[in-house]
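Please open the model in your viewer and keep the selection tool at hand for the stops below.

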Amino acid sequence: MLCDLSQFNFGEILMTQVIHSIEYCLGCISNTASYLRLWALSLAHAQLSDVLWAMLMRVGLRVDTTYGVLLLLPVIALFAVLTIFILLIMEGLSAFLHAIRLHWVEFQNKFYVGAGTKFVPFSFSLLSSKFNNDDSVA
């Protein structure tokens with residue numbers, strides 16, 4: 001099979017490849033930044049848990065008297081409520097939303113390329129008419 005060199009345009013192919021290379025590099029940087037964002041969320045989660053422990057439980061556990069035992073019960077309840085609300089619900093929802101965004105934006109672009117082919121959903125009626133047309137031609 002011979003290649004028609006009159007249709008070959010090196011400048012157009014070079015520009016297309018340069019554009020694709022730049023898009024690929026920007027995509028790699030964007031993906032890395034998104035994964036680093038998730039890592040930063042996990043570090044913030046660890047820091048928040050340390051702050052809750054230092055501000056509530058450590059203070060409540062330092063009191064040695066009978067009054068300290070009575071003080072410890074509401075402190076434990078407050079610690080449990082704040083842990084569940086801040087750490088589990090808010091931080092979990094934030095990490096979940098970032099992970100969903102990461103899957104949708106960064107992971108999806110590895111597989112979908114809008115190349116201009118119109119999507120036609122599967123249909124048995126269209127399939128049978130296509131086979132019928134092919135049989136009549138042959």
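The tour goes from an annotated segment to an aromatic pair, two cysteines and a pocket.

This is a predicted model, in which local features need pLDDT of at least 70 and side-chain atom pairs count only at pLDDT 80 or more, while totals for chains, interfaces and linings use all residues. Residues are numbered from 1 along each chain as its sequence is written, and side-chain values use heavy atoms, with hydrogens and water left out.

Select residues 68–90 to begin, where UniProt, in an unreviewed entry, places a "transmembrane region"; such annotations may be inferred rather than shown by experiment. The chain here is 100% helix and 0% strand, with its end C-alpha atoms 31 Å apart (helices are DSSP runs of H or I of at least four residues, strands E runs of at least two).

Next, show Trp53 and Phe79, whose ring centres are 6.0 Å apart and whose planes meet at 75 degrees, so the pair is edge-to-face (centres within 6.5 Å, planes over 60 degrees apart). Because Trp53 belongs to helix 1 (residues 10–62) and Phe79 to helix 2 (residues 66–107), the pair ties together parts that are 26 residues apart in sequence.

Move on to Cys25 and Cys28, whose sulfurs are 6.3 Å apart, too far for a bond; a search of the whole structure finds 0 disulfides (cysteine sulfur atoms within 2.5 Å).

Finally, select Glu23, Tyr24, Gly27, Asn109 and Lys110, which lie nearest the centre of the largest pocket, among its 10 lining residues (those with an atom within 4 Å of a pocket point; a pocket is an open set of points on a 1 Å grid where a 1.4 Å probe fits, with protein on both sides within 12 Å along at least five of seven lines).

Conventions. Rings of Phe, Tyr and Trp (its six-membered ring) pair if their centres lie within 6.5 Å; planes under 30 degrees apart count as stacked, over 60 as edge-to-face and the rest as tilted.
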